[in-house]
Amino acid sequence: MNEDNSPVKNIRIADFDYPLPDGMIARHPLEKRDACRLLVSRSDGSVSHEIFSSLPDLLPKDSVLVCNDTRVINARMQFEKSTGSKIEIFLLEPIFPEDYNLMFQAQGACEWSCLVGNLKRWKAGLLAKQLVIDGRELMLTASRLREGKGGAHIIKFDWNVPDVTFAQVVEVAGNIPIPPYLKRQSEQCDLVDYQTVYARTKGSVAAPTAGLHFTPELFEALRQKGIEMIPLTLHVGAGTFQPVKSEEIGGHPMHTEVISVNRDMLENLLEARKKGKKVVAVGTTTVRTLESLPYLGAAVGAGDESLHVEQWWPYGSECPNPPGDTDRELKHLLHYMDRKGLATLTATTSILIAPGFRWRIVEVMVTNFHQPQSTLLLLVSSFLDRDVRRHPLQWRKIYDEALDHAYRFLSYGDACLLFPIKSV
């Protein structure tokens, strides 16, 4: 888009509000993951009510399913001082080692950017926690090094059994960080319920919840239909719950998240596009990753190797290297990986997807029902209504329908299958 981005920045977040009774927020998932309800919004604007297990019959035959294989870590750690004061440390992102894989292999010590609860009770000194890992006792300590960005603090963790990895430490020392709007403490069942069945790459502090509905049996049914799954990784940050506090979205700073794609993923995506297959994104995190790729490709093709997508690049003239042909930009990423000898490309994105966004890759979306006045609702609205001048706001239509039919909302709730409205 070459026009000025002010119309996007002037979008009022109050226009993306809806009444969500507390009783419609699902506190736990259904016992059978794929038994949840599925609201389908079709390209002609019609809406129907289905069951998630019927997804293989609802997707276009020539489709490819792209899923986020990130795994939620036990990011919420509780420490108790000798005075009895309880201090919570919430892991946000690794500082040293900076790479997620190296971080979870770290032995003896590491540093994280963290949020600290009850900070006023932790002026200085060490926090300590006794752990038992594989039958061995160890002492985990936490010390504050300095302030970080956005109210975070850089915390150093040390433990006195050097051949124990931080992956083992956090598994025992932490709790699964279920969303704050569930208004309850995490429970043993969340260790399983709040992970997708295909979760593999550790790093998220929130689940890619659209994927929670999938089961091994459902994947087998999809394969029987010729629909294969392509994994990628976006480590979901705590910023996903950050409310929009500004009246217009131009005043909202989007959070940054780490994305990771390997060579097979890019080649399979290119091949699927070449064959005319529909790209189905499971969840908004997958959407953000896929739609960031053309911007990364255009950047590396122009010699910019910073590997970061800024919030406002999709709008107006702020993008220094606007994407051209999407397949060409994806090939630029492959060529970059070849030059650098990379099997996996790791980058960061702060992309904001809102009405006015030009969609390049995602053609069908599976997602949950999102919070009022959230950036995720802006993303859904943008996806459904490519030409808002000619169509009513489809997101509001389907949310009203879901509320009228008592759907279950948010992370453990029901799901949507969305097709963009076709222009007449």
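Start by selecting E291 and R360: a polar atom of the E291 side chain lies 3.0 Å from the backbone nitrogen of R360. This is a predicted model, in which local features need pLDDT of at least 70 and side-chain atom pairs count only at pLDDT 80 or more, while totals for chains, interfaces and linings use all residues. Residues are numbered from 1 along each chain as its sequence is written, and side-chain values use heavy atoms, with hydrogens and water left out.

**Stop 1: E291**

Colour helix α8, residues 284-301, to see where E291 sits. Helices (H or I, at least four residues) and strands (E, at least two) are DSSP runs, numbered from the N terminus. Which side chain of opposite charge is nearest to E291? It is R360, 5.8 Å away, and E291 is buried without a salt bridge. Buried means under 20% relative accessible area, exposed over 50% and partly exposed in between (1.4 Å probe, protein chains only). A salt bridge needs a side-chain nitrogen of Lys or Arg within 4 Å of a carboxyl oxygen of Asp or Glu. Next, show the residues in contact with E291 (heavy atoms within 4.5 Å). Beyond four places in sequence, they include F357, W359, R360 and I361.

**Stop 2: L290 and the cores**

Select L290. Among its contacts more than four places away in sequence are V66, L232, M265 and V362. L290 is also one of the residues with the most contacts inside the largest nonpolar core, which has 82 residues; M265, L293 and F409 are the others. A nonpolar core is a set of buried Ala, Val, Leu, Ile, Met, Phe, Trp, Tyr and Cys residues joined through side-chain atoms within 4.5 Å. Another core, of 35 residues, lies apart from it and includes I73, L131, V170 and V258.

**Stop 3: the sheet**

Now show the strands. An open sheet of mixed pairing has 10 strands in the order β2-β1-β19-β18-β15-β3-β13-β14-β17-β16. The edges are β2 (47-51) and β16 (308-309); each has a single partner strand, so one side of each is left without a neighbour in the sheet. Two strands pair if DSSP finds at least two bridges between them. Zoom in on β13 and β14, which run antiparallel and are joined by three bridges. Opposite L234 stands I259 in β14.

**Stop 4: H255**

Is H255 buried or exposed? H255 counts as buried because its relative accessibility is 13%. Its loop runs between β13 (228-235) and β14 (257-262). H255 touches G239, T240, Q242, R288, T349 and S350, leaving out residues up to four places away in sequence.

Technical notes:
Lys, Arg positive; Asp, Glu negative; His and termini not counted. Polar contact = N/O pair within 3.5 Å; in protein donor to acceptor, adjacent residues only side chain to side chain.
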